[in-house]
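Trainee: Could you show me how to read a ligand site, and after that an aromatic pair, from a set of coordinates?

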Amino acid sequence: MNDGSEIISALRAAGHSAWLVGGCVRDLLLGRVPQDFDVATSARPADIARLFPHAIPVGAHFGVMLVDNVEVATYRSDGTYSDGRRPESIQYESNPEADAQRRDFTINGLFLDPFTGETLDYVNGRADLAARLVRAIGEPAARFAEDHLRMIRAVRFAARLDFEIDPATLAAINPLAIRKIAIERVFAELTRILTDGNAHRGLELLDQTGLLAELLPEIKAMQGVAQPPEHHPEGDVWVHTLGMLKLLGPAEPALAWGVLLHDVGKPVTQTFSDRIRFNGHDRVGTEMARTILFRLRASSERIEHVQYLVAEHMKFPELPKMKPSTLKRFLRAKHFPSLLALHRLDCLGSSRRLGTYEYAQQQFTSLAPDELRPAPLATGRDVLALGVPFGPGVGVLIRALEEAQLNGELSTREEALAWLSQQVSAPAST
Ligand code: ATP
Ligand code: MG
């Protein structure tokens, strides 16, 4: 990966000041592997473009250029913020100090020379790294008022790094203000909290700060929703969900959101009959997942994937009773591997009994791809040739044919054609 050092050399050779900055410095000093490298420099965007002709402007009005996947940003200070989202103007600076002051947290405000290891620390970032604290640079309430998203970022960094949020910074978090932020930015930060590997801590902090009730009231509602102890010795729906997130580790976004939302239908479907029940919580939860993710402006692909996970998460105990065709169709679903991963966590986060998981896993690995999805024995053309009129009836027959094939009732084209003509002449026998 490009670590920014060659870019820094080239900028310095041209007479500019240049340093690694932000998240990569924080991660390097913590001994973690940075996800990407950012460079801050006195060079203006036009200078950067001249030195690196292939540079792509990514935040032109903020002076950010992408050079070989490294964000190279001109030192700047931000003007006033009036909307709680972004500054009205920015001003380029020739030294890094002002650039440090406009950054969000002290641990994100450090500069590092990749050649000598020298750091520039205008904000006491090294002390906070050592003390494992997320602390706003400057006056926390003012910094959060400039950009409300920083409130969620504080949670994200504390969760990911397993740091505490400094008390004054924590106290300045005002959940009501988060409404003003573009929901896409909120969704991106929430997704990173869920996928970065310490999601349960992130959820606890979101709860503690009041952000959870504001952003995801449906998740907050899981607290105190009792479950039958024989199935869920671990506790209520919230405790169960957090337990799964604790086991999740770094994850794909859809799986992480699926874990968070798989039981979101439980609070509204809880009944007390012979025992506590949540009839239809998978179906109700599937609708709720759609509503929540739509509100957060998730992509339709992401929404569909998560809805699938919520809708299907209760099916595993039925697998041994399924017809081969039903089982094969279940196992060959596009996102089945993530459903299986979710089910494993669901077992581990409740009864700890993995029997249903192991059965599914064993079936999934023992069936070859051409058993799950065999080549069709006949096509719509064959059905039409039998005189079936063009229309939905053709697809119905093809699906029924595939079902017979998956159940092992047919295995050659001749058998399939004979089966089809029998269906067409005596449809009542289906
Ligand atoms: P990650 O490793 O998760 O990417 P990061 O610290 O690099 O963490 P980014 O969102 O990539 O986080 O931002 C890069 C740097 O830009 C931050 O370290 C911080 O200095 C600054 N920054 C980013 N967003 C803001 C913001 N909303 N307000 C102030 N400074 C910010
Ligand atoms: Mg980054």
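The dialogue below takes the ligand site and then the aromatic pairs.

Mentor: Keep in mind from the start that this is a predicted model.

Trainee: Which residues come nearest to ligand 1?

Mentor: One begins with the shell of residues around the molecule; here it holds 16 residues, of which D147, R150, R156, R160 and R192 come nearest. By class, the shell divides into 12 charged, 3 polar and 1 nonpolar residues.

Trainee: How do I read the polar contacts of ligand 1 with R160, R26 and G23?

Mentor: A polar contact is a pair of N or O atoms within 3.5 Å, and one then asks whether side chain or backbone supplies the protein atom. For R160 a polar side-chain atom lies 2.3 Å from an oxygen atom of ligand 1, and for R26 an N or O atom in the side chain is 2.9 Å from a ligand oxygen, whereas G23 brings a backbone N or O atom to 3.2 Å from an oxygen atom of the ligand. Taken alone, ligand 1 exposes 590 Å², and the protein buries 83% of that.

Trainee: Which elements give two or more residues to the shell around ligand 1?

Mentor: They are α2 (23–30) and α7 (149–161), and α7 gives the most, with 5 residues. The space that ligand 1 takes is the largest pocket.

Trainee: How many aromatic pairs are there, and how are the rings of F316 and F330 arranged?

Mentor: Such a pair is read from the distance between ring centres and the angle between ring planes, and the count comes to 8 aromatic pairs. F316 and F330 are edge-to-face, with 5.6 Å centre to centre and 80° between the planes. This pair links distant parts of the chain, 14 residues apart, with F316 in the loop between α17 (300–312) and α18 (324–331) and F330 in helix α18.

Methods: Residues numbered from 1 in each chain as written. Chains lettered and ligands numbered in written order. Predicted model: local features only at pLDDT ≥ 70, side-chain atom pairs only at ≥ 80, totals over all residues. Heavy atoms only, no water. Near = heavy atom within 4 Å. Polar contact = N/O pair within 3.5 Å; in protein donor to acceptor, adjacent residues only side chain to side chain. Areas by Shrake-Rupley, 256 points an atom, 1.4 Å probe, with all protein chains shown as cover. 1 Å grid on protein atoms, 1.4 Å probe; cavity = no way out; pocket = protein on both sides within 12 Å on 5 of 7 lines; lining within 4 Å. Sits in = over half its atoms within 2 Å of the grid points. Helix = DSSP H or I, 4+ residues; strand = E, 2+ residues; numbered from the N terminus. Nonpolar A, V, L, I, M, F, W, Y, C, P; charged D, E, K, R; others polar. Phe/Tyr/Trp six-rings, centres within 6.5 Å; stacked < 30°, edge-to-face > 60°.
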